[in-house]
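Morning, everyone. Let me put the model up, and then we'll go through a few spots.

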Amino acid sequence: MNTTPQSASVSKAIVVEAGIERAFEVFVSDFGRFKPPEHNILGAPLAETVFEPHVGGHIVDRGVDGSECRWARVLAYEPPHRLLISWDLDPRWQIETDPARTSEIEVRFIAEAPNRTRVELEHRYLERHGEGWEGIRDGVDGANGWPLYLRRFAELLAT
């Protein structure tokens, strides 16, 4: 019996009506404006999400009560072409503290015209999360995962 292995990565792309520099800047500086506020694991409502724009920085959710959740690490920061972050959540959608058990999200920005940029996102190495990694893949690949983020990002740029 032949079986096809399940993909341990998710790839998505969108073309936005913005130059490459603006697309990159908005993706980073306004990440919290297009990330759905309900996408957090804090025990309090979300006050803000901050993308720290440098290698060694984090993506941080902050609750209205002052609590914080650092759920991603910035592994590469190459404006305006590329960024690479970790996904530090486990299959139960809780913080994963072992970097060997985290996946990566690479986002590439490719100029198609002076005011048009292709944004390619690859969430890879999902199998590193261990048992249950398929649930992460299904979540980030589904309508409320990366497709939602990219659509909201494009809508933000259009305003």
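Start with the rings: there are 15 aromatic pairs, where rings of Phe, Tyr and Trp (its six-membered ring) pair if their centres lie within 6.5 Å. Take phenylalanine 34 and phenylalanine 153. Their centres are 5.3 Å apart and their planes sit at 55°, so this pair is tilted (under 30 degrees is stacked, over 60 edge-to-face, the rest tilted). Phenylalanine 34 is in helix α2, residues 31-34, and phenylalanine 153 is in helix α4, residues 146-158, so the pair ties together parts 119 residues apart in sequence. Helices are DSSP runs of H or I, at least four residues, strands are E runs of at least two, and both are numbered from the N terminus. Both phenylalanine 34 and phenylalanine 153 are buried. Buried means under 20% relative accessible area, exposed over 50%, partly exposed in between, with a 1.4 Å probe and protein chains only.

A word on ground rules. This is a predicted model: local features need pLDDT of at least 70, side-chain atom pairs need 80 or more, and totals for chains, interfaces and linings use all residues. Residues are numbered from 1 along each chain as its sequence is written, and side-chain values use heavy atoms, without hydrogens or water.

Next, threonine 49, in strand β2, residues 46-51. Threonine 49 is buried, at 11% relative accessible area. Beyond its neighbours within four places in sequence, its contacts (heavy atoms within 4.5 Å) include Phe31, Lys35 and Ile59.

Last, alanine 113, in strand β6, residues 103-113. Buried or exposed? Neither: alanine 113 is partly exposed, at 34%. Its C-alpha is separated from that of glycine 66 by 42 Å, and the two are 47 residues apart along the chain.
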